[in-house]
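Please open the model in your viewer and keep the selection panel at hand, since this tour moves from one selection to the next.

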Amino acid sequence: MAVGTLLRCHRNGTAGGMVGLSFDDGYRDFAEEAMPALAEHGFTATVYVVADRVGGYNDWDRKGPRKPLMTAHQVDEVAAAGLEIGSHGLTHRRLAGLDARDLAAQVAGSRHALEDLTGRAVEGFCYPYGSLDAAAVEAVAQAGYDYGCAVSPGAHSGVYALPRCYVGDRDGPLRMTAKLVRDRWRR
């Protein structure tokens with residue numbers, strides 16, 4: 001289910017056994033492959049979109065392959081299908097250490113751009129690279145998001161820095177079990 005929905009269920013005491021699904025970066029294959037698979041199984045999810053790179057490529061990943069990102073039309077289609085669109089920053093910059101002006105552009109600017117694009121409220125923020133500090137967490141709160149999330153928020157853990165479990169291409173059943181055990185141990 002979408003992360004925002006999961007958090008509302010958690011607040012209502014009805015989240016037992018539920019899992020939030022999230023996808024970072026807004027890759028085009030989310031709209032073309034993941035969204036139909038989710039719909040086939042009756043699932044929703046959150047996709048965190050890099051607002052100023054819509055229709056472009058993952059130019060922040062200098063070593064990896066160039067992958068196309070969703071177009072504006074695809075982002076709007078995903079939102080219209082009932083999946084949550086969250087922000088992954090304006091340009092996928094590391095937020096820790098940024099000055100207040102750059103933080104506002106990355107955090108608040110991305111939210112406004114995605115809301116203008118979809119015509120819907122953007123509730124969630126996901127920290128690019130998991131990079132955050134106290135100022136970044138405060139910027140997410142001040143920008144009016146309902147929540148923020150990162151793979152390892154550390155001392156900043158809270159509603160604006162929720163921990164997530166990263167799942168990658170090489171994560172089969174054994175690695176997923178190990179990650180679940182590790183995450184339960186950390187809590």
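Over the ring of which residue does the charged end of Lys67 sit? Select Lys67 together with Tyr27 in this predicted model, and you will find that the charged end of Lys67 lies over the Tyr27 ring, 4.2 Å from the ring centre. Go next to Arg94 and Tyr129, where the charged end of Arg94 sits over the ring of Tyr129, at 4.0 Å from its centre.

Turn now to the aromatic pairs, of which a search of the whole structure finds three. Select Phe125 and Tyr127: their ring centres are 5.3 Å apart and their planes stand at 80 degrees, so the pair counts as edge-to-face, the cut-off for that class being over 60 degrees. Phe125 is buried, with a relative accessible area of 0%, and Tyr127 is buried as well, at 2%. Add Tyr145 to the selection, and you have a cluster of Phe125, Tyr127 and Tyr145 linked by ring pairs.

Keep Tyr127 selected, for it is also among the residues with the most contacts inside the largest nonpolar core, which has 33 residues; Phe30, Met70, Val78, Ile85, Leu95 and Val107 are the others named there. Colouring α2 (28–40), β2 (46–49), α3 (72–80), α4 (100–118) and α5 (134–142) will show elements that each supply at least two residues of this core, with the largest share, five residues, coming from α2.

Within that core, centre the view on Val78, which touches residues including Phe30, Ala31, Met35, Val47 and Ile85. Finally, select Val3, Tyr48, Cys126 and Cys149, which are among the seven residues of another core, lying apart from the largest one.

Methods. Residues are numbered from 1 along each chain as its sequence is written. This is a predicted model: local features need pLDDT of at least 70, side-chain atom pairs count only at pLDDT 80 or more; totals for chains, interfaces and linings use all residues. Side-chain values use heavy atoms; hydrogens and water are left out. Rings of Phe, Tyr and Trp (its six-membered ring) pair if their centres lie within 6.5 Å; planes under 30 degrees apart count as stacked, over 60 as edge-to-face and the rest as tilted. Buried means under 20% relative accessible area, exposed over 50%, partly exposed in between (1.4 Å probe, protein chains only). A charge sits over a ring if NZ of Lys or CZ of Arg is within 6 Å of the ring centre and within 35 degrees of the ring normal. A nonpolar core is a set of buried Ala, Val, Leu, Ile, Met, Phe, Trp, Tyr and Cys residues joined through side-chain atoms within 4.5 Å. Helices (H or I, at least four residues) and strands (E, at least two) are DSSP runs, numbered from the N terminus. Contact means heavy atoms within 4.5 Å. Lists of a residue's contacts leave out its neighbours within four places in sequence.
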